[in-house]
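Hi,

Here is the structure I said I would pass on. Have a look when you get a minute, and my notes follow underneath.

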Amino acid sequence: SNGITISSGNLIIPDSIIHNGDSNTKIRFPATDTISFETNGGERARITSGGRLGIGDTSPDTALHVKSADNILATFESTDADALIEFKDNSTSDTMIIGCEGGDNLLLRTDAGNIIFNLGNNSEKGRFDSSGRLLIGTTSRGADNADNLTIADSGHTGITIRSGTTSQSAIYMSDATTGSGEYAGYVLYDHNVDALRFGANTTDRMRIDSSGRLMLGTTTAV
């Protein structure tokens, strides 16, 4: 049967509160200053004496600890166009946000500072700095501080551009977002004929063919 015992001004529940007579649904006090919540005969959530909330975990490691066999552990849904989570520490008023913006965009935002990527025993491997430049393997830009992409390493360093055996791999120099200005200058490898092509003013100006022959101002070997 349901019941509440009040003693010396305190609320004492020897075992549980049973909701609507259902013995499988309970609020329990399994330890000092600890509350647990049960449904269908099993514990689903617990608030520890330290104020930590465990959902699916009886000994939460953090302020909120969610444990489940589901692949998606939590859903944050907004009725607005954006669904964002904000992060702050005790030493800054800057806003750091991750979430869904405009329905389909993933947003990572920091109002000041950098977006840092740590891998391999929590060591930094890359960052977007506050100017929007991408740094890989380094925390400082090139010597002229103008590089939008800086890659540094103590050993050999490189970039691989991989495409199909009949396709092209290219780096384009652009001064427009439409038309031929998108590929005003380029370095291009044509895998279909195994030729390395160099372009200026949107046209091939030099080519090295599959036999190693150098062609200047023409695409046909003599």
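What share of the residues of the protein chain count as buried? Of the 222 residues, 18% do. Keep in mind that this is a predicted model.

On the overall picture: the chain has 20 strands and zero helices. Its accessible surface comes to about 16100 Å², with 49% of that belonging to carbon and sulfur atoms. Among contacts with a separation of 6 or more, just 3% are between residues 24 or more positions apart.

Now for one of the sheets. Strands 12, 13, 14 and 15 make up an open sheet, in the order 12-13-14-15, with mixed pairing. Strand 12 and strand 15 (149-151) are at the edges, each pairing on one side only. On average, neighbouring strands here are turned by 20° against each other, ignoring direction. Inside the sheet, strand 13 and strand 14 (residues 134-136) run antiparallel and are joined by three bridges. Gly126 stands opposite Ile136 of strand 14.

You may like the aromatics too. Searching the whole structure turns up two aromatic pairs. One of them is Phe117 with Phe128: the ring centres are 6.3 Å apart and the planes sit at 70°, over the 60 degrees needed, so this pair is edge-to-face. Phe117 belongs to strand 12 (residues 115-119) and Phe128 to strand 13 (residues 123-128), so the pair ties together parts eleven residues apart in sequence. Phe117 is partly exposed at 39% relative accessibility, and Phe128 is also partly exposed, at 35%.

Cheers

Key. Residues numbered from 1 in each chain as written. Predicted model: local features only at pLDDT ≥ 70, side-chain atom pairs only at ≥ 80, totals over all residues. Heavy atoms only, no water. Helix = DSSP H or I, 4+ residues; strand = E, 2+ residues; numbered from the N terminus. Buried < 20%, exposed > 50% of the residue type's maximum accessible area, 1.4 Å probe, protein only. Contact = heavy atoms within 4.5 Å. Areas by Shrake-Rupley, 256 points an atom, 1.4 Å probe, with all protein chains shown as cover. Phe/Tyr/Trp six-rings, centres within 6.5 Å; stacked < 30°, edge-to-face > 60°. Pairing = 2+ DSSP bridges. Axes fitted to C-alpha atoms, helices over the stretch in contact; angles between N-to-C directions.
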